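User: Please take a close look at one part of the structure below, its backbone pairing and its charged side chains. Then set it beside a few other places along the chain.

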Amino acid sequence: MSLTASISPRTMALCGNPVRLDITSTTPVSYLIKSGGNTIFEGSGEAGTFFVFIDEILASILSPTRFSGLEPDLLLSPAGNLKAYTIELSNTGGDTQNLSHIAVLGGISKRAMRHLKSGGSNIFTFKLMNASGNFLMTTRSATRIIKIRETELRSIPFVAPADQITIQAASGITKTLTTTIGTCYALNIEALRKSFFTDNNILSNQFDIVTAAGNAVSIYIVPSETEKERYYLEFLNSYGAYERIEVTGKPSLDQETANENAFGVYDSDINDYVETRERVVSTDTLTVETGFKGEDELMFLLDMLSSDDIQLIGYEDREIKVNASAESLAFAKNMTEPQTVTLKLKFADSEKHFTQALLGSDFDDPRIHSTEFSMEFN
């Protein structure tokens with residue numbers, strides 16, 4: 001009697017890409033996939049060699065973490081982005097085997113997977129657990145240099161590739177963060193800037209992230225242009241992290257109205273039927289220009305357009321879930337100048353009741369002074 005099993009990729013895998021469980025058994029076999037002591041899936045197979053893809057099962061135990069942007073800590077914990085799980089196997093011949101593995105939220109393109117596989121690598125050895133490279137889970141850049149507009153700052157998750165990470169704001173001005181290898185964190189850039197300003201009296205727009213393996217990645221914070229109107233699209237990127245991109249063109253709002261549903265209602269006063277209808281349902285669509293973007297920003301925009309979770313921020317005093325599409329994404333392969341893209345943002349909610357936006361700015365009793373007003377102040 002014998003039973004062997006393995007998981008590919010080994011050790012750690014993105015659940016947005018294939019995760020394969022291979023089993024060889026001389027007798028019928030059953031297996032349990034467990035996370036946090038709970039069974040999330042039960043499966044079985046006949047004697048012989050077979051495989052199953054379990055990536056969709058693993059996706060059910062993961063959930064993205066969205067931070068408010070007001071957190072004070074330099075390192076945050078996106079607990080739902082990475083989970084350990086086990087697979088317990090047993091066959092009718094009495095053989096057993098236990099496998100341990102780690103699932104990480106997100107995925108990469110099929111083209112990138114084929115490229116890495118042909119070189120005998122994977123996304124973890126090449127990027128996400130590479131202490132000498134850009135291990136941050138952002139799709140803004142494919143290089144060691146990440147440029148972020150100051151209006152687009154969000155915490156960036158990463159899986160720690162080393163037990164210490166040093167952030168250098170200037171020569172001799174550093175902060176060392178202690179981490180556990182293989183644990184998921186998020187680098188809070190807003191808090192980092194504030195910390196350097198408070199402790200070292202420097203408002204840094206460049207951070208070099210250094211590990212024992214050397215200079216891994218540099219983050220440059222670039223100023224945003226002054227615009228009459230500015231909105232933000234916050235979206236779940238391919239690595240399972242929330243990022244933000246600004247759009248600065250003047251928007252126009254259009255309404256798509258569903259067909260009227262008219263029917264007859266009996267009126268006893270006239271002993272006849274009168275026509276009435278249900279309230280008409282409509283969907284809002286916002287058309288807006290992104291403003292001029294460079295090549296990296298346009299690739300970043302492509303990731304936003306493919307996201308399944310996009311929130312429009314700044315249009316009203318609330319977030320609005322939208323589905324985004326572009327009228328055209330044609331741009332030169334080797335760009336020589338920035339380009340702007342026209343986006344269509346279709347609101348996820350259809351409406352049949354229209355009220356004011358309830359902004360909350362004029363609902364309370366008017367006050368001349370705040371609640372902190374005192375006679376001493378007077």
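Analyst: Tyr232 has Ile313 of E23 as its bridge partner. The model is predicted, and residues are numbered from 1 along each chain as its sequence is written. Local features need pLDDT of at least 70 and side-chain atom pairs count only at pLDDT 80 or more, while totals for chains, interfaces and linings use all residues; side-chain values use heavy atoms, with hydrogens and water left out.

The pair Tyr232 and Ile313 belongs to the contact between strand E17 (residues 231-236) and strand E23 (residues 310-316), an antiparallel pairing over four bridges. Strands here are DSSP runs of E with at least two residues, helices are runs of H or I with at least four, and numbering starts from the N terminus. Two strands count as paired if DSSP finds at least two bridges between them. Strands of a sheet pair through backbone hydrogen bonds, either parallel or antiparallel.

E23 is also joined to strand E24 (residues 318-326), again by four bridges and with the two running antiparallel. One bridge there sets Gln311 opposite Lys321 of E24. E23 and E24 make a hairpin with one residue between them.

Lys321 brings in the side chains. Side chains of opposite charge can pair when their charged atoms come close. The model has 13 salt bridges, counted when a side-chain nitrogen of Lys or Arg is within 4 Å of a carboxyl oxygen of Asp or Glu. One of them joins Lys321 to Asp309, with the closest N and O atoms 3.6 Å apart. This pair links distant parts of the chain: Lys321 sits in strand E24, whereas Asp309 is in the loop between helix H5 (295-305) and E23, 12 residues apart. Lys321 is partly exposed, at a relative accessible area of 36%, and Asp309 is buried at 15%. Here buried means under 20% relative accessible area, exposed means over 50%, and partly exposed lies in between (1.4 Å probe, protein chains only). Salt bridges that share partners also join Arg66, Arg154, Glu234, Arg244 and Glu319 into one network.

Glu246 takes part in salt bridges with two arginines, Arg149 and Arg230. With Arg149, the closest N and O atoms are 3.9 Å apart. Because Glu246 lies in strand E18 (residues 242-247) and Arg149 in strand E10 (residues 145-149), this pair ties together parts that are 97 residues apart in sequence. Glu246 is buried at 2% relative accessibility, and Arg149 is buried at 13%. With Arg230 the N to O distance is 3.0 Å. Arg230 is in the loop between strand E16 (214-222) and E17, 16 residues from Glu246 in sequence, and counts as partly exposed at 22%.

For another case of antiparallel pairing, there is an open sheet of three strands in the order E1-E3-E6. E1 and strand E6 (48-53) stand at its edges with a single partner strand each, so one side of each is left without a neighbour in the sheet. Neighbouring strands of this sheet are turned by 15° against each other on average, direction ignored; axes are lines fitted to C-alpha atoms (for helices over the stretch in contact), and angles run from 0 to 180 degrees between N-to-C directions. Six bridges join strand E3 (residues 20-25) to E6, and one of these pairs Ser25 with Gly48.

The loop between strand E1 (3-8) and strand E2 (12-14) contains Pro9, and the peptide bond from Ser8 to Pro9 is cis, with omega near 0°. Thr11 lies in that loop between E1 and E2. Its phi is near 70°, a positive value in a residue other than glycine, and Thr11 is exposed at 57%.

Asn201 has a positive phi as well, of about 55°, just after H4. Asn201 is in the loop between helix H4 (189-200) and strand E15 (206-211) and is exposed at 65%. H4 itself has 12 residues and spans 16 Å from its first C-alpha to its last, close to the 16 Å expected at 1.5 Å a residue; the expected span is 1.5 Å times one less than the number of residues. The buried residues of H4 are Ile189, Ala191, Leu192, Arg193, Ser195 and Phe196.
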